[in-house]
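Work through the exercises below with the sequence and the 3D structure open. Each task is followed by a solution in steps.

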Amino acid sequence: MITNNDMAAKTAEFLLTVKAVKLNNEHPFTWASGRKSPIYCDNRVTLSYPEIRTFIRQRFTEIVRDSWGDVDVIAGVATGGIAQGALVAQELGKPFVYVRSEQKSHGLTNQIEGEIHEGQSVVVIEDLVSTGKSSLIAVKALREKGCVVKGMAAIFTYGLQVAADNFAEQNVDLITLTDYDTLISVAQDRDYVRPEDLESLAKWRVNPERWSDERMNG
């Protein structure tokens, strides 16, 4: 069976190879928040590559079985976790639902799409964790339905302290296939980043807001 370290390194390599994760310290990306960042992640790209899609599905399935045992429902976080969650649910033979960031303003005004019932156990599938805010909105919606959220599995986390604090505060177990530190290590080994950029990349993870402010005001 693949080890956790091997899984993290292999996932990071896949993400870098297909440019699901892009690193550019010299010309940083602008996030939706307006902040500048040396990293941009869009894990939906992995769905276009059958080998990578299969690898991710299999690793998620192993994590669910090994960490949380039998569950009643798999839930995906809209939008990035929908396809990944559906693949995991299919592999496990479990029902699938997905959770919006908020209730619809029309129709049945659902926030959770699909059939789910009070008392059911759920594992949530996410593609990316930054601050954890949107991921935990999904957890809150499921708990308000009376569900027991056993945990969350995600492809990648930036490893920000604010996310760790948010998940701890909400008592949610988070397991990711790979993380920022592993990704930077693999990127260095594969020459995706220059040695002189490593210090800046490390500073970003410690304090993204300060890093952004320095770039925007510099």
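The exercises go from the whole chain to the sheet, then to one helix and one residue.

The model is predicted: local features need pLDDT of at least 70, side-chain atom pairs count only at pLDDT 80 or more, and totals for chains, interfaces and linings use all residues. Residues are numbered from 1 along each chain as its sequence is written, and side-chain values use heavy atoms, with hydrogens and water left out.

**Exercise 1. Describe the overall dimensions of the protein.**

Step 1. Count the elements: the protein has 8 helices and 10 strands. Helices (H or I, at least four residues) and strands (E, at least two) are DSSP runs, numbered from the N terminus.

Step 2. Take the box along the principal axes: the C-alpha atoms fill roughly 50 × 40 × 30 Å.

Step 3. Compare the radius of gyration with the globule rule (C-alpha atoms; 2.2 Å times the number of residues to the power 0.38). The protein has 18 Å, which agrees with the value near 17 Å for a compact globule of 218 residues.

Step 4. Check burial: 43% of the 218 residues count as buried. Buried means under 20% relative accessible area, exposed over 50%, and partly exposed in between (1.4 Å probe, protein chains only).

Step 5. Look at contacts (heavy atoms within 4.5 Å). Of those with a separation of 6 or more, 65% are between residues 24 or more positions apart.

**Exercise 2. Trace the open sheet and its β-α-β units.**

Step 1. Write the strand order: the 6 strands run β7-β6-β5-β8-β9-β10, with mixed pairing. The edge strands β7 and β10 each pair on one side only. Two strands pair if DSSP finds at least two bridges between them.

Step 2. Follow β8 to β9. These strands run parallel and are joined by 8 bridges. Among the partners, Leu128 is bridged to Phe156 of β9, and Glu126 stands opposite Ala154. With helix α4 (residues 133-144), β8 and β9 make a right-handed β-α-β unit. Right-handed means that, with the strands pointing away from the viewer, the path from the first strand over the helix to the second runs clockwise.

Step 3. Follow β9 to β10. Strand β9 (residues 148-157) pairs with β10 (residues 174-179) in the parallel sense over 5 bridges. The chain gets from β9 to β10 through helix α5 (residues 161-169) in a right-handed crossover. In β10, Thr178 is the bridge partner of Phe156, and Asp179 that of Thr157.

Step 4. Check the cover of β9: 8 of its 10 residues are buried.

**Exercise 3. Which elements do the buried residues of α1 pack against?**

Step 1. Locate the helix: α1 (residues 4-17) has 14 residues. It reaches 20 Å from its first C-alpha to its last, close to the 20 Å expected, where the expected span is 1.5 Å times one less than the number of residues.

Step 2. List its buried residues: Met7, Ala8, Thr11, Ala12, Phe14, Leu15 and Leu16.

Step 3. Name their packing partners: β1 (21-23), α2 (50-68), β9, β10 and α6 (180-189).

Step 4. Just after α1, note Lys19, which takes a positive phi of about 60°.

**Exercise 4. Is Gln120 buried or exposed?**

Step 1. Find Gln120 in the loop between β7 (112-113) and β8 (121-129).

Step 2. Apply the cut-off: Gln120 counts as buried because its relative accessibility is 19%.

Step 3. Leave aside neighbours within four places in sequence: Gln120 is in contact with Asp72, Val73, Cys147 and Val148.

Step 4. Add the side chain of Gln120, which reaches the backbone nitrogen of His117 at 2.8 Å.

Key: A polar contact is a pair of N or O atoms within 3.5 Å; within protein, one must be able to donate a hydrogen and the other to accept it, and residues adjacent in sequence count only if both atoms are side-chain atoms.
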